[in-house]
Amino acid sequence: MSLPQINGLRLVDSLQALGQIGALPGGGVSRLALTEADGQGRDWVVARMRELGLCVEVDAIGNIFGTLPGTQELPPVMVGSHIDTVRTGGVYDGNYGVLAGLEMVATLREAGLRPRRPLTVAVFTNEEGVRFQPDMMGSLVYVGGMALAEALATCDTDGVSVRSELQQIGYLGSVPVGVPQVDSYVELHIEQGPVLEQMGLQIGVVEGVQGISWTEFTVAGQSNHAGTTPMALRHDAALVASQVAVFVRELSRRMGGRQLATVGALRLSPNLVNVIAQQAVFTVDLRNTDAQALAQAERELLAYVCDAAEAEGVAIHSRTLARFEPVAFDPALVDLVAQQAQALGCSHQRMPSGAGHDAQMLARVCPSAMIFVPSVGGLSHNVREHTDPADLQRGAQLLLQVVLALANRPS
Ligand code: HGY
Ligand code: MN
Ligand code: MN
């Protein structure tokens, strides 16, 4: 039986339409979690879900679920992702997985096809974790990995809580967070890296997600006059932050393998040209597919930070913002993705995910897997993020085929 074809034009139009919400001048999107723009984006998606006749539910952490009933009352096959973005985001990261799920439903309805199992399209709260940590917060609470009360009480740097923002945008839902009953979860996402494009491949069959370690360091030095303070008498918070940034680059080079290290956020105060920095607050993002190597990198970082602080005579304390072990997806589900990619005639290869995703949380409660499509120039978390329409359509078509194979399989 030939399967209905995903309408690629309609999918691209929906990505562009949603991308208008929080659009940045000159391109890209800024739709930080639980901001007014995120609320408007959620409203747009819920309206589309309702147009498609889905049963819409919002849970207590603001996760949104749109469900197409199946011919049988069974746990649903779930697809989805997130629609919150980083401050300099693109229109595809996360949004593609949600809108391809809705396009899949639209295609099935047009073809008059009703799968055996229900299909649910999920929008998970605060996947990016740039305003409220940790990242993947909504899906982590959904699977029982973080207490709801703790998540709701989490505040951003302005002291505003998740709870108050969810209330503000109207998404403090009534569906309790419980024990999810999900048959399986498949997340379609842009690769956000250079691998598929460099290898000229159409599809990434994702086998798992690497480990993630986010730490915030606060260095307390002594502000003083830049023109009168001898170098030997300084306690310069900016120096220590800079030394750590250089150290983690050297650490990842020395460790090799897949060790990654990033100092992405750095705030100095008083941040003035002629004042030695009194305080530096900065973050270190370490990642590795190898759990032991990641732990080793964390140990070496902490040892270095203590030595650097002591040498400069500054105080330093650290706060863990996120810490997730590497995750392997369900081998049988990964095989199914590979088989369906083969059947669809897609060039593909198995690969790990460099970015974190909600799928790594769903993997705690049901068989989960991911599908990647290429990112032009390997760019993401960048306003120039782009994926070609043909790749977008192909990925959504593969999602449809994998989901139908799951939804219609005998018990
Ligand atoms: O940081 C990540 O990997 C994801 O974008 N939250
Ligand atoms: Mn994402
Ligand atoms: Mn992202």
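Start by selecting the manganese ion labelled ligand 2: its protein donors are His82 (NE2), Asp93 (OD) and His189 (NE2), at 2.1 to 2.3 Å from the metal. Keep in mind as you click around that this is a predicted model.

Leave those three residues on screen and look at how they sit along the chain. Their spacing in sequence reads H-x10-D-x95-H. Now add the other manganese ion, ligand 3, to the selection. The gap between ligand 2 and ligand 3 is 3.6 Å, and Asp93 coordinates both ions. The pair ties together distant parts of the chain: His82 is in the loop between β3 (77-81) and α3 (95-110), while His189 is in strand β5 (residues 184-190), 107 residues apart.

While you have the two histidines selected, switch on a surface. Are His82 and His189 buried or exposed? His82 counts as buried because its relative accessibility is 0%, under the 20% cut-off. His189 has a relative accessible area of 1%, so this histidine is buried too.

Next stop: ligand 1. Select what surrounds this ligand and you should pick up Glu127, Glu128, Asp135, Trp214, Arg287, Ala355, Gly356 and His381. Colour that shell by class and you get four charged, two polar and two nonpolar residues.

Then draw some distances, going residue by residue:

- Arg287: a polar side-chain atom is 2.7 Å from an oxygen atom of ligand 1.
- Asp135: here the partner is a nitrogen atom of ligand 1, with a polar side-chain atom 3.3 Å away.
- His381: an N or O atom in the side chain sits 3.4 Å from an oxygen atom of ligand 1.

How much of the accessible area of ligand 1 does the protein cover? On its own the ligand has 210 Å², and the protein covers 95% of that.

For the last stop, jump to Thr67, which you'll find in strand β2 (residues 64-68). Show side chains and pick out Thr120 as well: the two threonine side chains make a polar contact at 2.7 Å. Widen the selection to the residues that Thr67 touches, leaving out those up to four places away in sequence, and you'll have Leu54, Cys55, Pro118, Leu119 and Thr120. Why does Thr67 count as buried? Its relative accessibility is 18%, and the cut-off is under 20%, so Thr67 falls on the buried side.

Terms used. Residues numbered from 1 in each chain as written. Chains lettered and ligands numbered in written order. Predicted model: local features only at pLDDT ≥ 70, side-chain atom pairs only at ≥ 80, totals over all residues. Heavy atoms only, no water. Near = heavy atom within 4 Å. Polar contact = N/O pair within 3.5 Å; in protein donor to acceptor, adjacent residues only side chain to side chain. Areas by Shrake-Rupley, 256 points an atom, 1.4 Å probe, with all protein chains shown as cover. Nonpolar A, V, L, I, M, F, W, Y, C, P; charged D, E, K, R; others polar. Helix = DSSP H or I, 4+ residues; strand = E, 2+ residues; numbered from the N terminus. Buried < 20%, exposed > 50% of the residue type's maximum accessible area, 1.4 Å probe, protein only. Contact = heavy atoms within 4.5 Å. Donors = N, O, S within 2.8 Å, 3.2 Å for Na, K, Ca; no water.
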